[in-house]
Amino acid sequence: MQTPNQQAASRSVLVTGANSGMGRATALRFAAEGWHVVAVDVTESTHGVEQNLTSVVADITDEASLAAGVAQALDGKPRLAAVVNAAGIFPTSSLDSYDVALYRRIFDVNVLGTLNAARVGAKHIGADEGGAMVFFASVDAFAVSRNQLLYSASKAAVVAMTRSLAIELAESRITVNAIAPGWVDTEGTRRGGRIEAAIPSIPLKRAASVDEIATWAWNLAGNPSYITGETVCIAGGIFMR
Ligand SMILES: NC(=O)c1ccc[n+]([C@@H]2O[C@H](COP(=O)([O-])OP(=O)(O)OC[C@H]3O[C@@H](n4cnc5c(N)ncnc54)[C@H](O)[C@@H]3O)[C@@H](O)[C@H]2O)c1
């Protein structure tokens with residue numbers, strides 16, 4: 001019988017958005033747990049060569065190039081058992097400011113990109129042994145914030161796809177869940193410049209760290225159990241369902 005570490009060493013995880021923020025923290029967490037990580041990002045890798053990690057430069061909106069990059073990265077490596085799709089974008093938008101290009105960009109990355117990561121991943125996760133997927137939604141899928149018109153709609157789509165794909169992939173013994181963070185201290189959030197002003201309104205009076213979120217990605221994707229189709233809000237009490 002294999003020890004837990006031997007079992008981990010025989011598995012790979014696909015993490016998208018792996019160069020920054022929660023995706024990067026998730027990639028590093030799986031690597032620390034002994035998994036081989038296929039770390040996908042549209043930008044050049046920020047990871048060192050010493051980690052148990054294969055970097056792939058690919059855009060998740062382009063299924064063919066994502067599939068080719070992932071297949072190459074998995075060649076000769078442990079079988080794929082998990083997908084964490086953390087890549088996402090969060091530009092502001094409103095009825096006044098949106099245009100077709102912005103609409104397409106947000107929905108292409110956040111919705112089509114999630115679908116592409118799921119389909120590419122599902123092809124590698126064998127039905128015999130099963131696995132798990134975790135998508136990134138947001139509390140904005142449920143709560144209303146100013147200037148998040150298209151972003152919140154795209155993340156509501158992620159919540160809906162999580163339920164649909166949980167049913168579809170159950171027959172392949174793949175669980176599908178989503179994480180809906182509130183405020184998280186990431187490079188992306190800091191670039192937005194709104195995090196400090198938001199903190200007084202958070203009941204726990206702080207943003208989440210990327211490692212706290214990565215722990216939930218690890219729990220749901222690294223140790224799948226009887227939970228599927230759910231979206232877990234991790235938001236310090238700013239939003240409760
Ligand atoms: N930061 C927050 O407070 C917060 C809150 C709720 C939800 N989220 C969601 O969590 C996820 C991660 O957020 P973050 O703050 O860690 O992000 P981030 O901006 O720090 O990192 C996102 C990474 O995704 C990559 N990426 C973007 N578009 C891509 C594409 N088309 N193909 C491949 N890679 C791509 C970027 O290069 C970047 O490395 C996102 O889906 C975001 O919408 C974030």
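Q: In which loop does L95 lie?
A: This is a predicted model. L95 sits between a strand and a helix, in the loop that links β4 and α4. The loop asked for is the one between β4 and α4.

Q: Is L95 buried or exposed?
A: A residue counts as exposed if 12 or fewer other C-beta atoms lie within 10 Å of its own. L95 has 6 C-beta neighbours inside 10 Å. L95 is therefore exposed.

Q: How many Å apart in space are L95 and N147, C-alpha to C-alpha?
A: In sequence, 52 residues separate L95 and N147. N147 belongs to the loop between β5 and α5 (149-170). From C-alpha to C-alpha, the distance between L95 and N147 in space is 8.5 Å.

Q: Why does N147 count as partly exposed?
A: The buried class needs 20 or more other C-beta atoms within 10 Å, and the exposed class 12 or fewer. N147 falls in between, so the class is partly exposed, and the count behind it is 14 C-beta neighbours inside 10 Å.

Q: What is the phi of R173?
A: Most residues other than glycine have a negative phi. R173 is not a glycine, yet its phi is positive. R173 is found in the loop between α5 and β6. Its phi is about 60°.

Q: What is the strand order of the open sheet?
A: The sheet has 7 strands, and the pairing is parallel. Its edge strands, each pairing on one side only, are β3 (53-57) and β7 (231-234). The twist from one strand to the next averages 20°. The order is β3-β2-β1-β4-β5-β6-β7.

Q: Which residue in β5 is the bridge partner of N85?
A: Strands β4 (residues 79-85) and β5 (residues 131-136) run parallel. They are joined by 4 bridges. In β5, N85 has as its bridge partner F135.

Q: Which residue in β7 stands opposite A180?
A: β6 (residues 174-181) runs parallel to β7, with 4 bridges joining them. Opposite A180 in β7 stands C233.

Q: Which residues of β7 point to one face and are buried?
A: In a regular strand the side chains alternate between the two faces of the sheet. Along β7, V232 and I234 point to one face and are not buried. Pointing to the other face, and buried, are T231 and C233.

Q: At about what angle to β1 does α2 run?
A: α2 lies across β1 (11-16), β2, β3 and β4. α3 also packs on the sheet, touching β1, β2, β3 and β4, and its direction makes about 155° with that of β2. For α2 and β1, the angle is about 170°.

Q: How many Å apart are the axes of α3 and α4?
A: Helix α3 (residues 63-74) packs on α4 at an angle of about 35°. The crossing is right-handed. E63, L66, A67, V70 and L74 of α3 meet N116, R119, V120 and H124 of α4. The axes are 10 Å apart.

Q: Which elements give two or more residues to the shell around the ligand?
A: The ligand is surrounded by 30 residues, the closest being G17, S20, G21, G88 and G188. The shell residues divide into 13 nonpolar, 14 polar and 3 charged. The elements that give two or more are α2 (21-32), β2 (36-41), α4 (100-124) and α6 (187-192).

Notes. Residues are numbered from 1 along each chain as its sequence is written. This is a predicted model: local features need pLDDT of at least 70, side-chain atom pairs count only at pLDDT 80 or more; totals for chains, interfaces and linings use all residues. A residue is near a molecule or strand if its C-beta atom, placed from the backbone, lies within 6 Å of it. Ala, Val, Leu, Ile, Met, Phe, Trp, Tyr, Cys and Pro count as nonpolar, Asp, Glu, Lys and Arg as charged, and the others, Gly among them, as polar. Axes are lines fitted to C-alpha atoms, for helices over the stretch in contact, and angles run from 0 to 180 degrees between N-to-C directions. A crossing is left-handed if the near helix is turned anticlockwise from the far one by less than a right angle, and right-handed if clockwise. Two residues are in contact if their C-beta atoms, placed from the backbone, lie within 7 Å. Two strands pair if DSSP finds at least two bridges between them.
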